[in-house]
There are 2 protein chains.
Amino acid sequence: MVKTPYLLFLGDAPDHLAAKVAIGIRDWRPENSVGQLRLDGCGADLGLADMSLEQARAAGARTLVVGVANRGGVISDAWKGVLIDALNMGFDLASGLHNLLRDEADLVAAAEANGRVLHDVRVPSVQYPIANGVKRTGKRCLAVGTDCSVGKMYTAMAMDQEMRARGMKSTFRATGQTGILVTGDGVPLDAVIADFMAGSIEYLTPDNDPDHWDHIEGQGSLFHVSYSGVTLALIHGGQPDALILAHEPTREHMRGLPEYQQPSLELLRDTALPLAKVANPACVVAGISVNTQHLDDDASARYLAEVEERMGLPAIDPVRNGAGRLVDALADL
Amino acid sequence: MVKTPYLLFLGDAPDHLAAKVAIGIRDWRPENSVGQLRLDGCGADLGLADMSLEQARAAGARTLVVGVANRGGVISDAWKGVLIDALNMGFDLASGLHNLLRDEADLVAAAEANGRVLHDVRVPSVQYPIANGVKRTGKRCLAVGTDCSVGKMYTAMAMDQEMRARGMKSTFRATGQTGILVTGDGVPLDAVIADFMAGSIEYLTPDNDPDHWDHIEGQGSLFHVSYSGVTLALIHGGQPDALILAHEPTREHMRGLPEYQQPSLELLRDTALPLAKVANPACVVAGISVNTQHLDDDASARYLAEVEERMGLPAIDPVRNGAGRLVDALADL
């Protein structure tokens, strides 16, 4: 568990896009960030207060979160100085970078000297169990995609936010680096050992109140041959009561696989639902979340209306329309 | 790659069953074993020549293979003496034990002093790539099961053996500890990091002659919620041209999951084949392999005839009937 609130370290991010993790934290957990720390030449700006380490500590920040990708996969000297100062000042550090904080001897030494924690959220910190398949109490929702990177995390975040706004019991359950940094906890599923994948999701989504919903962050796609095994482990470990079909309609092929076409929403439904019923015979497909960022307003509305008619399910773009109609569908179950 | 031939270490195995790995090596690669080494009180006997380390070295053995499970998960002092003597005498060591040879300081020291290798085949020794899904040349066959431990490895071994006996080009591709020790090479799939599962199978079954068959060792089951993700990674990484359905008809529930029932062979076919076609649209279900060890001869014959009629596919028990009819089916593709 990463301690909140955070100071978001943007470093020397060349542009806004490089600060994706920090943007996610600001958008989904604004209460978790006291401000941003930018180095000379930083091209990103979250619109948060610029703070020094001292100012952020005084404002209550407990963890400096690396909210930006590093250039060339190296933690530069410019970063190092700030990170070590932060440890000396009592911050923990958290990062989802490929190169780990724990592999940097000077960071390890500074953390030990100050009794601070280095959180490399890309690496599991728990010995997860093998899944036992026992039915758990509480409700679970999982988005499954026609492809990778079609908006599954955003959909789950938006549904969780909407449920909490309505006073419903709801938790977003992170399974990737960004989600873990946003919420401070979760399972870095892509780094879990094969035999423990489904068990890690059982661990992540334990027994809960009968009217509590876990919104489990989806990963990969049953139709993406590089990651489909991860997706099936999520479906079987998660025991979802409801599936949301997630889609991006302008893709020309599966992400990174030019020889592979995206499946139709019908084929996704007919593939994912029977597999989900193995773990939870009561599972249903509750709605459709479409990422229409590459369509204009009219085209988006037309596309969603067509999908809704064709599939007989509520179809929304959570960015344009919010997740209210998906939450309505879950509330009606 | 583990160097052959082997001396098979049976230690103080309480009974025959404890020597499962050694039995697999003897049965499937008799040419790989020069003999067996048993300690006082050993209850297993493979019917191979009993040899001392010295005799086995003189007979050409290059690796001492731990072919037995250890009691209580501890490498005992009695074993240690033999293992260290073996290293001093020029043997490599190979083991599929949960506790690793490399975690034993005295074994590491003896291996280093003698320039020998400790093979812990339960742990990946390769940084596998992420799967790219590119179509590979050559043919691949994969057994998928209604459950775990229904005879998928035995089926693949038997088909490979039959093909080689016929002079066909064929390779067994191990994905588990026993298979790796039997053949000396493979991918310990259950220990691979989630993101690299499918890629490890692409690595294991590279481009080959158009008329060469890889027989990929199956793992888990699409219907076993603990391991289904591993199975789907095998299907998508393996790009099988042919699936064999594997079944054990007397199971009362899924292995280790008392609340879960086995699927029918029809449901297995209708689930696995569409998923396999994502990676290889030409994939077919070629036959059925049934483990009828708990049926008598008459019951086995009746069951297989019934399945064959019902499914319209050759149905055999490879132990009772050999794998000839499955190989016929592949040869006809």
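Trainee: Is Tyr154(A) buried or exposed?
Mentor: Tyr154(A) is partly exposed, with a relative accessible area of 34%; buried means under 20%, exposed over 50%, and partly exposed in between (1.4 Å probe, protein chains only). This is a predicted model, in which local features need pLDDT of at least 70 and side-chain atom pairs pLDDT 80 or more, while totals for chains, interfaces and linings use all residues. Residues are numbered from 1 along each chain as written, chains are lettered from A and ligands numbered from 1 in written order, and side-chain values use heavy atoms, without hydrogens and water.

Trainee: How many aromatic pairs are there over all chains?
Mentor: The structure holds six. One of them joins Trp28(A) and Tyr154(A) edge-to-face, at 4.8 Å centre to centre and 75° between the planes. Rings of Phe, Tyr and Trp (its six-membered ring) pair with centres within 6.5 Å; planes under 30 degrees apart are stacked, over 60 edge-to-face, the rest tilted.

Trainee: And which parts of chain A does that pair tie together?
Mentor: Trp28(A) is in helix 1 and Tyr154(A) in helix 5, so the pair ties together parts 126 residues apart in sequence. Helices are DSSP runs (H or I, at least four residues), numbered from the N terminus. Trp28(A) is buried, at 8% relative accessibility.

Trainee: What about Trp28(B) and Tyr154(B)?
Mentor: Their ring centres are 4.8 Å apart with planes at 75°, so this pair is also edge-to-face. Trp28(B) is buried at 8%, whereas Tyr154(B) is partly exposed at 32%.

Trainee: Changing topic, where is Asp160(A) found?
Mentor: Asp160(A) belongs to helix 5 of chain A, residues 152-165. Asp160(A) is buried, at 0% relative accessibility.

Notes: Helix = DSSP H or I, 4+ residues; strand = E, 2+ residues; numbered from the N terminus.
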